[in-house]
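Here's a walk through one protein model, written for someone who would rather look at the structure than wade through tables. Have the viewer open and follow along.

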Amino acid sequence: SNDLWEAWLASSLGHLRDAGLLRTLKPVLPTLSAVQVLVPGDVLAPWIEEGGGHPSQEVTQHGAAVKLFSTNDYLGLSTHAALRRAAADAALLYGVGPRSSAVVGGYTLLHQDLERRLAALKGTEECLLFSTGFAANLAVVSALGNGEDAAIFSDELNHASIVDGSRLASRSKGRLHIYRHNDMEHLEQLLRDCPSHQRKLVVADSLFSMDGDFADFEGLVRLRRKYAFLLVVDEAHATLVCGSRGAGAAEAFGVADEVDVHIGTLSKALGAHGGFVACRADVKTLLLNKGRPYVFSTAPPAPVVAAAIAALQVNEEEPERREHLWRLVRHLGEGLGVKACSPIVPLIVGSEAAAVSASAALLERGFYVPAIRPPTVAPGTSRLRISLSAAHAMEDVDALLAALTECGIHASADSGLVIRGGS
Ligand code: PMP
(Lines give C-alpha, C1' and ligand atoms only; values in the text may rest on other atoms or scores of the structure.)
Protein backbone atom coordinates (compact mmCIF):
# COMPACT_ATOMS: atom_id res chain seq x y z
CA SER A 1 0.00 0.00 0.00
CA ASN A 2 1.01 3.60 -0.27
CA ASP A 3 -0.01 4.73 3.19
CA LEU A 4 2.64 7.43 3.46
CA TRP A 5 1.37 9.16 0.34
CA GLU A 6 -2.31 8.75 1.36
CA ALA A 7 -1.63 10.25 4.77
CA TRP A 8 0.49 13.09 3.37
CA LEU A 9 -2.04 14.06 0.69
CA ALA A 10 -4.91 13.94 3.19
CA SER A 11 -3.03 16.06 5.69
CA SER A 12 -1.76 18.59 3.09
CA LEU A 13 -5.25 19.11 1.73
CA GLY A 14 -6.72 19.00 5.27
CA HIS A 15 -4.53 21.90 6.43
CA LEU A 16 -5.69 24.01 3.51
CA ARG A 17 -9.32 23.02 4.09
CA ASP A 18 -9.14 23.81 7.82
CA ALA A 19 -7.68 27.20 7.03
CA GLY A 20 -10.50 27.82 4.55
CA LEU A 21 -7.90 28.07 1.78
CA LEU A 22 -8.59 24.98 -0.29
CA ARG A 23 -9.16 25.92 -3.90
CA THR A 24 -11.20 23.64 -6.13
CA LEU A 25 -11.46 24.86 -9.65
CA LYS A 26 -14.84 25.26 -11.27
CA PRO A 27 -15.10 26.67 -14.75
CA VAL A 28 -16.00 30.27 -14.18
CA LEU A 29 -16.61 31.27 -17.74
CA PRO A 30 -18.66 29.22 -20.19
CA THR A 31 -16.27 30.42 -22.86
CA LEU A 32 -13.90 33.33 -22.93
CA SER A 33 -16.06 36.44 -22.99
CA ALA A 34 -17.74 37.09 -26.31
CA VAL A 35 -15.56 39.01 -28.67
CA GLN A 36 -16.74 40.57 -31.90
CA VAL A 37 -16.23 38.15 -34.77
CA LEU A 38 -14.08 40.12 -37.17
CA VAL A 39 -13.49 37.65 -39.98
CA PRO A 40 -16.00 34.92 -40.74
CA GLY A 41 -14.31 31.50 -40.46
CA ASP A 42 -15.36 30.72 -44.07
CA VAL A 43 -12.87 33.23 -45.41
CA LEU A 44 -10.02 31.17 -44.04
CA ALA A 45 -11.45 27.79 -44.94
CA PRO A 46 -10.27 27.42 -48.56
CA TRP A 47 -6.73 28.50 -47.64
CA ILE A 48 -6.59 26.04 -44.77
CA GLU A 49 -8.14 23.13 -46.64
CA GLU A 50 -5.78 23.61 -49.55
CA GLY A 51 -2.91 23.18 -47.11
CA GLY A 52 -2.05 26.89 -46.98
CA GLY A 53 1.44 27.52 -45.66
CA HIS A 54 4.24 25.01 -45.75
CA PRO A 55 3.77 21.34 -44.96
CA SER A 56 4.76 20.09 -41.57
CA GLN A 57 8.25 18.79 -42.32
CA GLU A 58 9.56 21.11 -44.98
CA VAL A 59 10.83 24.67 -45.07
CA THR A 60 12.29 26.74 -47.83
CA GLN A 61 15.72 28.23 -47.30
CA HIS A 62 17.25 30.51 -49.93
CA GLY A 63 14.68 29.24 -52.41
CA ALA A 64 15.55 25.56 -51.84
CA ALA A 65 13.38 23.05 -50.01
CA VAL A 66 14.89 21.61 -46.83
CA LYS A 67 13.44 18.44 -45.33
CA LEU A 68 13.21 18.68 -41.58
CA PHE A 69 14.20 15.70 -39.47
CA SER A 70 14.25 17.87 -36.38
CA THR A 71 10.71 18.45 -35.15
CA ASN A 72 8.64 16.90 -32.39
CA ASP A 73 5.59 17.02 -34.64
CA TYR A 74 5.49 13.22 -34.67
CA LEU A 75 2.09 12.84 -36.31
CA GLY A 76 2.44 15.89 -38.56
CA LEU A 77 -0.59 17.48 -36.86
CA SER A 78 0.80 20.99 -36.42
CA THR A 79 -0.31 21.86 -39.95
CA HIS A 80 -3.34 19.54 -40.15
CA ALA A 81 -6.41 21.26 -41.58
CA ALA A 82 -8.58 20.30 -38.58
CA LEU A 83 -6.15 21.90 -36.10
CA ARG A 84 -5.72 25.05 -38.17
CA ARG A 85 -9.47 25.35 -38.47
CA ALA A 86 -10.08 24.79 -34.76
CA ALA A 87 -7.41 27.31 -33.74
CA ALA A 88 -8.56 29.90 -36.27
CA ASP A 89 -12.22 29.54 -35.28
CA ALA A 90 -11.39 29.79 -31.59
CA ALA A 91 -9.24 32.88 -32.17
CA LEU A 92 -12.00 34.53 -34.16
CA LEU A 93 -14.64 33.67 -31.58
CA TYR A 94 -12.81 34.17 -28.33
CA GLY A 95 -9.69 36.18 -29.07
CA VAL A 96 -6.16 35.04 -28.35
CA GLY A 97 -4.99 35.77 -24.81
CA PRO A 98 -6.73 34.04 -21.87
CA ARG A 99 -6.06 37.23 -19.85
CA SER A 100 -5.40 35.60 -16.51
CA SER A 101 -4.30 32.44 -14.78
CA ALA A 102 -6.75 29.55 -14.61
CA VAL A 103 -7.48 30.25 -10.94
CA VAL A 104 -8.47 33.85 -11.63
CA GLY A 105 -10.78 33.29 -14.59
CA GLY A 106 -8.66 32.02 -17.47
CA TYR A 107 -10.28 28.59 -17.19
CA THR A 108 -13.23 27.95 -19.48
CA LEU A 109 -15.45 25.14 -20.67
CA LEU A 110 -13.00 24.66 -23.53
CA HIS A 111 -10.20 23.94 -21.03
CA GLN A 112 -12.48 21.63 -19.10
CA ASP A 113 -13.38 19.75 -22.27
CA LEU A 114 -9.71 19.18 -23.15
CA GLU A 115 -8.91 18.05 -19.59
CA ARG A 116 -11.72 15.50 -19.72
CA ARG A 117 -10.57 14.13 -23.06
CA LEU A 118 -6.97 13.83 -21.88
CA ALA A 119 -8.05 12.08 -18.66
CA ALA A 120 -10.07 9.64 -20.80
CA LEU A 121 -7.06 9.02 -23.06
CA LYS A 122 -4.80 8.36 -20.07
CA GLY A 123 -7.42 6.44 -18.10
CA THR A 124 -7.20 8.70 -15.05
CA GLU A 125 -9.81 10.35 -12.85
CA GLU A 126 -8.66 13.87 -13.65
CA CYS A 127 -6.35 16.06 -15.66
CA LEU A 128 -4.95 19.56 -15.27
CA LEU A 129 -3.70 21.78 -18.11
CA PHE A 130 -0.51 23.82 -17.91
CA SER A 131 0.89 26.51 -20.18
CA THR A 132 3.84 24.23 -21.10
CA GLY A 133 5.06 20.71 -20.46
CA PHE A 134 8.04 22.27 -18.70
CA ALA A 135 5.67 23.97 -16.22
CA ALA A 136 3.79 20.69 -15.69
CA ASN A 137 6.97 18.83 -14.71
CA LEU A 138 8.17 21.68 -12.55
CA ALA A 139 4.84 21.81 -10.70
CA VAL A 140 4.51 18.07 -10.13
CA VAL A 141 8.01 17.41 -8.88
CA SER A 142 8.28 20.55 -6.75
CA ALA A 143 4.79 20.20 -5.21
CA LEU A 144 4.94 16.47 -4.48
CA GLY A 145 8.63 16.18 -3.64
CA ASN A 146 9.09 18.92 -1.06
CA GLY A 147 9.50 18.61 2.70
CA GLU A 148 12.07 16.63 4.64
CA ASP A 149 9.79 13.59 4.67
CA ALA A 150 10.01 13.39 0.85
CA ALA A 151 12.56 11.52 -1.27
CA ILE A 152 12.76 11.94 -5.04
CA PHE A 153 14.43 9.34 -7.25
CA SER A 154 15.15 10.65 -10.73
CA ASP A 155 16.74 8.99 -13.78
CA GLU A 156 19.99 10.76 -14.68
CA LEU A 157 18.75 11.38 -18.24
CA ASN A 158 15.43 12.95 -17.25
CA HIS A 159 14.39 16.17 -18.94
CA ALA A 160 15.69 19.53 -17.66
CA SER A 161 12.24 20.45 -16.30
CA ILE A 162 12.30 17.39 -14.01
CA VAL A 163 15.84 18.28 -12.96
CA ASP A 164 14.74 21.83 -12.12
CA GLY A 165 11.60 20.62 -10.30
CA SER A 166 13.79 18.28 -8.24
CA ARG A 167 16.17 21.12 -7.40
CA LEU A 168 13.27 23.25 -6.22
CA ALA A 169 11.97 20.38 -4.09
CA SER A 170 15.37 19.75 -2.58
CA ARG A 171 15.64 23.43 -1.63
CA SER A 172 12.48 22.79 0.38
CA LYS A 173 14.27 19.90 2.09
CA GLY A 174 13.09 17.05 -0.17
CA ARG A 175 15.90 14.49 -0.58
CA LEU A 176 17.10 14.01 -4.14
CA HIS A 177 18.60 10.77 -5.45
CA ILE A 178 19.74 10.41 -9.04
CA TYR A 179 19.88 6.86 -10.37
CA ARG A 180 21.95 5.76 -13.34
CA HIS A 181 20.00 5.71 -16.56
CA ASN A 182 17.49 2.84 -16.50
CA ASP A 183 19.66 1.05 -13.92
CA MET A 184 17.06 -0.73 -11.79
CA GLU A 185 19.68 -2.27 -9.51
CA HIS A 186 20.97 1.18 -8.67
CA LEU A 187 17.44 2.47 -8.12
CA GLU A 188 16.64 -0.47 -5.86
CA GLN A 189 19.78 0.10 -3.82
CA LEU A 190 18.81 3.75 -3.30
CA LEU A 191 15.24 2.78 -2.40
CA ARG A 192 16.46 0.15 0.04
CA ASP A 193 18.72 2.68 1.75
CA CYS A 194 15.92 5.22 2.07
CA PRO A 195 14.33 5.49 5.55
CA SER A 196 10.88 3.92 5.59
CA HIS A 197 9.20 7.05 6.94
CA GLN A 198 10.00 8.98 3.75
CA ARG A 199 7.42 9.43 0.98
CA LYS A 200 9.09 8.14 -2.14
CA LEU A 201 8.60 9.62 -5.59
CA VAL A 202 10.19 7.99 -8.64
CA VAL A 203 10.25 10.12 -11.78
CA ALA A 204 11.23 9.01 -15.27
CA ASP A 205 10.85 10.14 -18.85
CA SER A 206 8.91 7.42 -20.65
CA LEU A 207 10.69 8.00 -23.95
CA PHE A 208 14.05 9.67 -23.48
CA SER A 209 14.32 12.69 -25.70
CA MET A 210 17.96 12.53 -26.73
CA ASP A 211 18.47 8.75 -26.85
CA GLY A 212 15.11 7.57 -28.15
CA ASP A 213 15.00 4.66 -25.68
CA PHE A 214 12.23 3.81 -23.21
CA ALA A 215 12.08 3.73 -19.44
CA ASP A 216 12.39 0.23 -17.99
CA PHE A 217 8.69 0.00 -17.25
CA GLU A 218 8.84 -3.61 -16.16
CA GLY A 219 11.56 -2.83 -13.63
CA LEU A 220 9.83 0.33 -12.38
CA VAL A 221 6.56 -1.49 -11.83
CA ARG A 222 8.28 -4.36 -10.01
CA LEU A 223 10.02 -1.92 -7.68
CA ARG A 224 6.86 0.14 -7.18
CA ARG A 225 5.08 -2.96 -5.88
CA LYS A 226 7.95 -3.69 -3.53
CA TYR A 227 8.74 -0.18 -2.24
CA ALA A 228 5.36 1.59 -2.52
CA PHE A 229 6.53 4.74 -4.24
CA LEU A 230 4.53 7.17 -6.30
CA LEU A 231 5.46 6.63 -9.96
CA VAL A 232 5.55 9.78 -12.10
CA VAL A 233 6.17 9.35 -15.81
CA ASP A 234 6.81 12.11 -18.32
CA GLU A 235 5.19 10.99 -21.57
CA ALA A 236 6.12 14.17 -23.49
CA HIS A 237 7.51 12.29 -26.49
CA ALA A 238 5.29 9.22 -26.28
CA THR A 239 1.77 10.66 -26.08
CA LEU A 240 -0.03 9.91 -29.38
CA VAL A 241 3.18 8.20 -30.54
CA CYS A 242 3.03 4.96 -28.52
CA GLY A 243 0.25 2.58 -27.52
CA SER A 244 -2.63 1.27 -29.58
CA ARG A 245 -4.77 4.35 -28.78
CA GLY A 246 -1.82 6.71 -28.55
CA ALA A 247 -2.09 6.95 -24.76
CA GLY A 248 1.68 6.65 -24.44
CA ALA A 249 4.50 4.25 -23.62
CA ALA A 250 2.87 3.12 -20.37
CA GLU A 251 -0.07 1.93 -22.45
CA ALA A 252 2.26 0.26 -24.96
CA PHE A 253 4.02 -1.61 -22.13
CA GLY A 254 0.66 -2.54 -20.57
CA VAL A 255 1.33 -0.74 -17.28
CA ALA A 256 -0.74 2.47 -17.55
CA ASP A 257 -2.64 1.55 -14.35
CA GLU A 258 0.61 1.33 -12.41
CA VAL A 259 1.59 4.90 -13.21
CA ASP A 260 0.33 7.35 -10.59
CA VAL A 261 0.99 10.61 -12.39
CA HIS A 262 1.17 10.92 -16.18
CA ILE A 263 2.75 14.12 -17.45
CA GLY A 264 2.45 15.18 -21.07
CA THR A 265 2.83 18.01 -23.48
CA LEU A 266 0.48 19.31 -26.15
CA SER A 267 3.47 20.71 -28.02
CA LYS A 268 4.83 17.59 -29.68
CA ALA A 269 2.64 14.89 -31.30
CA LEU A 270 -0.52 16.89 -30.51
CA GLY A 271 0.83 19.64 -32.75
CA ALA A 272 -0.40 22.45 -30.47
CA HIS A 273 1.18 23.97 -27.37
CA GLY A 274 0.94 23.51 -23.59
CA GLY A 275 1.26 20.73 -21.04
CA PHE A 276 -0.90 18.55 -18.82
CA VAL A 277 -0.91 16.26 -15.81
CA ALA A 278 -3.30 13.29 -15.75
CA CYS A 279 -3.78 11.93 -12.22
CA ARG A 280 -6.17 11.20 -9.37
CA ALA A 281 -8.49 13.90 -8.06
CA ASP A 282 -6.57 14.59 -4.84
CA VAL A 283 -3.26 15.02 -6.66
CA LYS A 284 -4.97 17.45 -9.03
CA THR A 285 -6.33 19.41 -6.07
CA LEU A 286 -2.86 19.54 -4.57
CA LEU A 287 -1.43 20.91 -7.84
CA LEU A 288 -4.24 23.45 -8.07
CA ASN A 289 -3.22 24.75 -4.69
CA LYS A 290 0.50 24.13 -4.49
CA GLY A 291 1.67 23.92 -8.09
CA ARG A 292 3.19 27.37 -8.41
CA PRO A 293 3.70 27.24 -12.21
CA TYR A 294 -0.04 26.55 -12.42
CA VAL A 295 -1.29 29.13 -9.97
CA PHE A 296 0.98 32.00 -10.99
CA SER A 297 1.01 31.66 -14.77
CA THR A 298 -1.52 32.52 -17.45
CA ALA A 299 -3.80 29.70 -18.62
CA PRO A 300 -3.27 28.17 -22.07
CA PRO A 301 -4.96 30.26 -24.80
CA ALA A 302 -8.24 29.18 -26.40
CA PRO A 303 -6.83 28.66 -29.92
CA VAL A 304 -4.25 26.12 -28.74
CA VAL A 305 -6.75 24.41 -26.46
CA ALA A 306 -9.14 24.10 -29.40
CA ALA A 307 -6.31 22.81 -31.61
CA ALA A 308 -5.39 20.16 -29.01
CA ILE A 309 -9.02 19.01 -28.83
CA ALA A 310 -8.98 18.71 -32.63
CA ALA A 311 -5.71 16.74 -32.42
CA LEU A 312 -7.33 14.19 -30.10
CA GLN A 313 -10.18 13.83 -32.58
CA VAL A 314 -7.77 13.33 -35.48
CA ASN A 315 -5.94 10.77 -33.34
CA GLU A 316 -9.13 8.74 -33.13
CA GLU A 317 -10.14 9.21 -36.75
CA GLU A 318 -6.77 8.72 -38.44
CA PRO A 319 -4.91 5.89 -36.65
CA GLU A 320 -3.03 5.31 -39.91
CA ARG A 321 -0.83 8.29 -39.05
CA ARG A 322 0.71 6.46 -36.09
CA GLU A 323 0.99 3.24 -38.11
CA HIS A 324 2.83 5.10 -40.87
CA LEU A 325 5.17 6.70 -38.32
CA TRP A 326 6.17 3.29 -36.96
CA ARG A 327 6.71 1.97 -40.50
CA LEU A 328 9.12 4.87 -41.01
CA VAL A 329 10.90 3.99 -37.75
CA ARG A 330 11.40 0.39 -38.88
CA HIS A 331 12.51 1.49 -42.34
CA LEU A 332 15.08 3.92 -40.98
CA GLY A 333 16.38 1.31 -38.52
CA GLU A 334 16.73 -1.27 -41.29
CA GLY A 335 18.45 1.24 -43.56
CA LEU A 336 20.93 2.14 -40.82
CA GLY A 337 21.33 -1.48 -39.71
CA VAL A 338 20.36 -0.70 -36.11
CA LYS A 339 17.34 -1.38 -33.95
CA ALA A 340 15.56 1.97 -33.94
CA CYS A 341 13.05 1.71 -31.10
CA SER A 342 11.26 5.04 -31.51
CA PRO A 343 10.89 8.02 -33.86
CA ILE A 344 13.91 9.56 -32.12
CA VAL A 345 17.09 8.07 -33.57
CA PRO A 346 20.40 9.45 -32.28
CA LEU A 347 23.53 9.15 -34.35
CA ILE A 348 26.30 9.41 -31.79
CA VAL A 349 29.21 11.27 -33.34
CA GLY A 350 31.44 12.14 -30.38
CA SER A 351 32.91 15.61 -30.55
CA GLU A 352 30.88 18.79 -30.85
CA ALA A 353 32.80 19.84 -33.96
CA ALA A 354 32.10 16.53 -35.70
CA ALA A 355 28.40 16.78 -34.91
CA VAL A 356 28.19 20.34 -36.21
CA SER A 357 30.03 19.52 -39.42
CA ALA A 358 27.90 16.39 -40.03
CA SER A 359 24.75 18.48 -39.57
CA ALA A 360 26.10 21.12 -41.97
CA ALA A 361 26.99 18.50 -44.59
CA LEU A 362 23.43 17.15 -44.48
CA LEU A 363 21.98 20.64 -44.70
CA GLU A 364 23.94 21.24 -47.90
CA ARG A 365 22.12 18.23 -49.29
CA GLY A 366 18.71 19.53 -48.23
CA PHE A 367 18.21 17.75 -44.88
CA TYR A 368 18.10 19.40 -41.50
CA VAL A 369 19.18 17.02 -38.74
CA PRO A 370 20.22 19.04 -35.69
CA ALA A 371 23.53 18.59 -33.88
CA ILE A 372 22.88 18.05 -30.17
CA ARG A 373 25.78 19.01 -27.93
CA PRO A 374 26.65 19.50 -24.24
CA PRO A 375 25.10 20.55 -21.93
CA THR A 376 22.04 18.85 -23.48
CA VAL A 377 24.04 15.60 -23.70
CA ALA A 378 27.18 14.40 -21.92
CA PRO A 379 30.57 15.58 -23.26
CA GLY A 380 31.92 13.21 -25.90
CA THR A 381 28.43 12.05 -26.92
CA SER A 382 27.47 14.87 -29.28
CA ARG A 383 25.09 13.56 -31.85
CA LEU A 384 22.84 14.05 -34.77
CA ARG A 385 19.29 13.59 -33.60
CA ILE A 386 16.97 12.34 -36.31
CA SER A 387 13.30 12.68 -35.50
CA LEU A 388 10.67 11.16 -37.73
CA SER A 389 7.15 12.36 -38.40
CA ALA A 390 4.10 10.82 -40.03
CA ALA A 391 4.36 13.78 -42.41
CA HIS A 392 7.48 12.15 -43.92
CA ALA A 393 7.10 9.82 -46.87
CA MET A 394 9.09 6.57 -47.15
CA GLU A 395 10.98 8.27 -49.99
CA ASP A 396 12.06 11.04 -47.60
CA VAL A 397 13.66 8.43 -45.36
CA ASP A 398 15.32 6.77 -48.36
CA ALA A 399 16.67 10.15 -49.46
CA LEU A 400 17.99 10.84 -45.95
CA LEU A 401 19.67 7.42 -45.84
CA ALA A 402 21.35 8.15 -49.18
CA ALA A 403 22.54 11.54 -47.91
CA LEU A 404 23.92 9.97 -44.72
CA THR A 405 25.87 7.46 -46.80
CA GLU A 406 27.17 10.23 -49.06
CA CYS A 407 28.37 12.10 -45.97
CA GLY A 408 30.10 9.01 -44.60
CA ILE A 409 27.75 8.65 -41.65
CA HIS A 410 27.10 5.01 -40.89
CA ALA A 411 25.91 2.67 -38.20
CA SER A 412 28.04 0.64 -35.87
CA ALA A 413 26.12 -2.62 -35.67
CA ASP A 414 27.85 -3.99 -32.56
CA SER A 415 27.32 -0.92 -30.38
CA GLY A 416 23.75 -0.44 -31.54
CA LEU A 417 24.63 3.22 -31.83
CA VAL A 418 25.67 5.04 -34.90
CA ILE A 419 29.02 6.63 -35.46
CA ARG A 420 30.44 8.78 -38.14
CA GLY A 421 33.27 7.37 -40.19
CA GLY A 422 34.99 8.51 -43.37
CA SER A 423 35.30 12.17 -44.11
N1 PMP B 1 9.59 16.69 -21.09
C2 PMP B 1 10.40 16.26 -22.10
C3 PMP B 1 10.95 14.88 -22.03
C4 PMP B 1 10.69 17.12 -23.16
O5 PMP B 1 11.51 16.72 -24.14
C6 PMP B 1 10.14 18.42 -23.18
C7 PMP B 1 10.38 19.40 -24.32
N8 PMP B 1 11.56 19.32 -24.95
C9 PMP B 1 9.33 18.81 -22.12
C10 PMP B 1 9.07 17.92 -21.10
C11 PMP B 1 8.76 20.19 -22.05
O12 PMP B 1 7.62 20.29 -22.85
P13 PMP B 1 7.20 21.72 -23.43
O14 PMP B 1 8.04 21.94 -24.65
O15 PMP B 1 5.75 21.58 -23.74
O16 PMP B 1 7.46 22.74 -22.39
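Two strands count as paired here if DSSP finds at least two bridges between them. With that in mind, and remembering that this is a predicted model, start with the open sheet of seven strands: its order is S3-S9-S8-S7-S6-S4-S5, and the pairing is mixed. Strand S3 (126-130) and strand S5 (175-179) sit at the edges with a single partner strand each, so one side of each has no neighbour in the sheet. From one strand to the next, the twist averages 20 degrees.

**Along the seven-stranded sheet**

Begin at the S3 end. S3 runs antiparallel to strand S9 (residues 275-279), and five bridges hold the pair. Two residue pairs help you find the register: Cys127 faces Ala278 in S9, and Leu129 has Phe276 as its bridge partner in S9. Being an edge strand doesn't leave S3 bare, as five of its five residues are buried. On one side you'll find Glu126, Leu128 and Phe130, on the other Cys127 and Leu129, and all of these are buried.

Next comes S8. S9 and S8 are antiparallel and joined by four bridges, with Gly264 standing opposite Phe276 in S9. So Phe276 is a handy landmark: it is the bridge partner of Leu129 and also stands opposite Gly264. On to strand S7 (residues 230-234), which pairs with S8 in the parallel sense over three bridges; here Val233 is opposite His262 in S8.

How enclosed is strand S8 (residues 261-265), and how many of its residues are buried? Five of the five are, so S8 is largely enclosed by the rest of the structure. Val261, Ile263 and Thr265 point one way while His262 and Gly264 point the other, and all of them are buried.

Strand S6 (residues 199-205) holds Lys200. Is that lysine buried or exposed? It has 26 C-beta neighbours inside 10 Å, and the cut-off for buried is 20 or more, so Lys200 counts as buried. Leaving out neighbours within four places in sequence, Lys200 is in contact with Ala151, Phe153, Leu191, Cys194, Tyr227, Phe229 and Leu230. Its C-alpha atom is also 9.5 Å from that of Asn2, although the two are 198 residues apart along the chain.

**The other sheet**

There is also an open sheet of three strands, in the order S10-S13-S12, with antiparallel pairing. Its edges are strand S10 (344-350) and strand S12 (371-372), each pairing on one side only. S10 pairs with strand S13 (residues 382-387) over six bridges, and Ile344 is found opposite Ser387 in S13. Lying across S10, S12 and S13 is helix H14 (residues 352-364), which runs at about 35 degrees to S13.

**Two helices**

Here are two helices with their lengths and spans.

| Helix | Residues | Number of residues | C-alpha end to end | Expected at 1.5 Å a residue |
|---|---|---|---|---|
| H5 | 133-144 | twelve residues | 17 Å | 16 Å |
| H12 | 302-317 | 16 residues | 23 Å | 22 Å |

For H5, the span agrees with what is expected, and for H12 it is close. H5 has twelve of its twelve residues buried, so it is largely enclosed by the rest of the structure; the buried residues include Asn137 and Ser142. H12 is mostly covered too, with 13 of its 16 residues buried.

**Core and domains**

The domain assignment gives domain 1 (90-316) and domain 2 (320-420). Their C-alpha centres are 28 Å apart, and the contact between them takes ten residues from domain 1 and twelve residues from domain 2.

Now for the largest nonpolar core. It has 126 residues, and the ones with the most contacts inside it are Val140, Val277 and Ala308. H12 supplies the largest share, eleven residues. Why does this core lie between domain 1 and domain 2? Both domains give residues to it, so it lies between them.

Val277 is a good place to zoom in. Beyond its neighbours within four places in sequence, Val277 is in contact with Cys127, Leu128, Phe130, Ala136, Val140, Val261, Ile263 and Leu287. Several names on that list should look familiar: Cys127, Leu128 and Phe130 are buried residues of S3, Ala136 and Val140 are buried in H5, and Val261 and Ile263 are buried in S8.

Key:
Residues numbered from 1 in each chain as written. Predicted model: local features only at pLDDT ≥ 70, side-chain atom pairs only at ≥ 80, totals over all residues. Expected span 1.5 Å × (residues − 1). Core = buried A, V, L, I, M, F, W, Y, C linked by C-beta atoms within 7 Å. Domains from an automatic or database assignment. Contact = placed C-beta atoms within 7 Å. Axes fitted to C-alpha atoms, helices over the stretch in contact; angles between N-to-C directions.
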